[in-house]
Amino acid sequence: MLAVDIQILLVIILGTTDCQIIPRIEECGLSCSQGFHCKSKPSTGIFNSFCRDAPASLSSTVLKSMKLSTAMKCVQGSQCSLHLNIKGTLNLDENIRGLEICSLSVDVQQSQCVNVRFSRKTSNKLLGRKVHVQFNCFEVNVAQHIYVTMKTIPNYCEVKLSQEYYVEDCRNNDVGKHIPVCFAGKLDYNVDRVRKTISVNVSDFLQDQDYYVRLCHKWFTCEDVGSFALIKGKESLKSTSLQYSQLLPCLCIEGWSAIPDARRTQLCPFKNDTKALWDRIVYNPATQTLAWEPACPVHVTVNLCRLTKPNEQCVDLQNSSTTAPEKQVKYSRVDTHPRLCMKFTTKQGSWVRCPFAHGNFPAWKMRIAARAEQTQVSFISQTKAQFSVLVCNKAQLSSCNSVGIRHSVSASWRTDVDYSVPLQICDIQCTLSSQSKEDDENAVRIMLLTAIILILVTMMALLGHKILTVFHRKKHEGRSPAQIIRQSFSTRAKSTSSLH
């Protein structure tokens, strides 16, 4: 119950802090309680840095309190700045001539000090009374971390007040609306995917003030991508074009006013453009290492997988899953088979990339042949390799139940790989029987074709022999070769007709 009450209280405090209105001042200055005369003078703080022992009559609590707050000074209602408002209370003592107030910026280690002196005539008359001092001329920055000290003049040891203070940031509505560094501007964009340019329009920022726009990749910080673009405040057209190389989920448009410590605004409109993330796959042939490095921070699960032929599904390889939000994923000793792929899975879906599918890397093939009652498995590989064969019955897409023993077939030698595509030889008997039947049919066709060719050759040889015999016989009778051939065909025709 107490924890719930604390959470509610924190919400109320934070809510009121964001909505808190900063008090306005017309001019900064020093003021003291009514009846006291005081004046201020800038101080380096060096001469009063060394303390002395306090008199016995001086109480260590002569400095009663110190309160810090923020004040806002505006010129003509628009040009506003923040000031540190310091209120201190002390008991006036004859040993105290004044106060030294110093403000140290913790972020940049810069300090500014002021001496507050009391009038001697007034001090002597009002000894022992409380004096309220207010000073608000220390200008501060948005969200600045400050360390404030208040000492007596002279500086008595152990008579000092100190306090840390955080200036409101741009989340405070009053600060965000009136302090120039909080005017981040509003960005609108248009993408030309053909020219790979992003046109940016800027509005709601300081008038007549220059404005910077850039593209960046958002990791812990937004890292530069290309050069800055400067929009001149005096120009009527508040737009510019930025060139990009890839649309990535972490590609952001960032803009800010060209003033020191200006607040920046970011627009990251491409969070769903994850397609280009999966193309950064690199293979090193020397080390056989397959690596992928995200171009943007992304929560993704990476697997190696085997691309199957029937339905083009990619079946995960065992012990290859890894989750990489921002680091490089690396697989050592990877086989360069065309069907070995990488699978990327996010909340939006899965993507598969096959880096060896284009035939740019050496791959191996496997063949099956039947020899008598045995199965012969052969491998063709451009590199030294060692293969294993498992005779099995296919149970599921990614599994095969063993029905035989494991044989090692060494066509040549290869160093062991950690990740390789398992090519399965399933239903061997059916495959071999159908293959044998096909081989038999092919053999019959070849034998039949050979017989026909032999018959034709024999007939042509007999015909040629007959013609030559007739030619030699008639040659002795003095006839020309053409007459002999015509008479030979004529005689054959007559003999054929006489048979009929």
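1. The disulfide between Cys-51 and Cys-157. In this predicted model, the sulfur atoms of Cys-51 and Cys-157 lie 2.0 Å apart and form a disulfide. The torsion about the S-S bond is about 85 degrees, so this disulfide is right-handed. Cys-51 sits in the loop between β3 (38-43) and β4 (63-75), and Cys-157 in the loop between β9 (145-153) and β10 (160-166); the pair therefore ties together parts that are 106 residues apart in sequence. Both cysteines are partly exposed: the relative accessible area is 43% for Cys-51 and 22% for Cys-157. The value for Cys-157 may be read against the cut-off for burial, which is under 20%.

2. The disulfide between Cys-170 and Cys-182. Cys-170 is joined to Cys-182 with an S to S distance of 1.9 Å. The link is left-handed, with -80 degrees about the S-S bond. Cys-170 belongs to the loop between β10 and α3 (173-178), and Cys-182 to the loop between α3 and β11 (186-192), so this pair ties together parts that are twelve residues apart in sequence. Cys-170 counts as buried because its relative accessibility is 15%, and Cys-182 counts as buried at 4%.

3. The disulfide between Cys-305 and Cys-314. A further disulfide connects Cys-305 and Cys-314, with an S to S distance of 1.9 Å. A value of 80 degrees about the S-S bond makes the link of Cys-305 and Cys-314 right-handed. Cys-305 is buried at 0% relative accessibility, and Cys-314 is buried with a relative accessible area of 11%. A search of the whole structure finds eleven disulfides; the pairs described in these points are among them.

4. The chain as a whole. The chain contains five helices and 31 strands. Of its 500 residues, 36% count as buried. The exposed surface of the chain amounts to about 31700 Å², of which carbon and sulfur atoms supply 52%. Among contacts with a separation of 6 or more, 65% are between residues 24 or more positions apart.

5. The five-stranded sheet. An open sheet with mixed pairing is formed by five strands in the order β1-β4-β5-β8-β2. Its edge strands are β1 (24-25) and β2 (30-32), each of which pairs on one side only. Within the sheet, β4 and β5 (residues 79-91) pair in the antiparallel sense over twelve bridges. One point of reference in this pairing is Lys-73, whose bridge partner in β5 is Ser-81.

6. The nonpolar cores. The largest nonpolar core has 41 residues, of which Leu-84, Ile-86, Phe-118 and Ile-179 touch the most other members. The elements giving two or more residues to this core are β4, β5, β6 (98-105), β7 (110-118), β8 (130-140), β9 and β10. Leaving aside residues up to four places away in sequence, Ile-179 touches Met-72, Cys-80, Ser-81, Leu-82 and Val-142. Ser-81 thus appears both as the bridge partner of Lys-73 and as a contact of Ile-179. There is also a second, separate core of 25 residues, which includes Leu-290, Cys-296, Phe-356 and Tyr-419.

7. The surroundings of Arg-214. Arg-214 is located in strand β13 (residues 211-218). Is this residue, Arg-214, buried or exposed? Arg-214 counts as buried, because its relative accessibility is 8%. The side chain of Arg-214 makes a polar contact with the side chain of Glu-254 at 2.6 Å. Beyond residues up to four places away in sequence, Arg-214 touches Cys-222, Glu-223, Asp-224, Ser-227, Phe-228, Leu-242, Cys-252, Ile-253, Glu-254, Trp-256 and Arg-264. Glu-254 is accordingly listed among the contacts of Arg-214 as well as being its polar partner.

8. Strand β16 and its partner. Leu-242, one of the residues touched by Arg-214, belongs to strand β16 (residues 239-243), where Leu-242 and Thr-240 make up the covered face. The uncovered face of β16 consists of Ser-239, Ser-241 and Gln-243. Strand β12 (residues 197-203) pairs with β16 in the antiparallel sense over five bridges. In that pairing, Leu-242 of β16 is the bridge partner of Ile-198. Leu-242 can therefore be described by three features: its place on the covered face of β16, its bridge to Ile-198 and its contact with Arg-214.

Terms used: Residues are numbered from 1 along each chain as its sequence is written. This is a predicted model: local features need pLDDT of at least 70, side-chain atom pairs count only at pLDDT 80 or more; totals for chains, interfaces and linings use all residues. Side-chain values use heavy atoms; hydrogens and water are left out. Helices (H or I, at least four residues) and strands (E, at least two) are DSSP runs, numbered from the N terminus. Buried means under 20% relative accessible area, exposed over 50%, partly exposed in between (1.4 Å probe, protein chains only). Contact means heavy atoms within 4.5 Å. Accessible areas come from the Shrake-Rupley method with a 1.4 Å probe; for residues, only the protein chains shown count as cover. A disulfide is a pair of cysteine sulfur atoms within 2.5 Å. Two strands pair if DSSP finds at least two bridges between them. A nonpolar core is a set of buried Ala, Val, Leu, Ile, Met, Phe, Trp, Tyr and Cys residues joined through side-chain atoms within 4.5 Å. A polar contact is a pair of N or O atoms within 3.5 Å; within protein, one must be able to donate a hydrogen and the other to accept it, and residues adjacent in sequence count only if both atoms are side-chain atoms.
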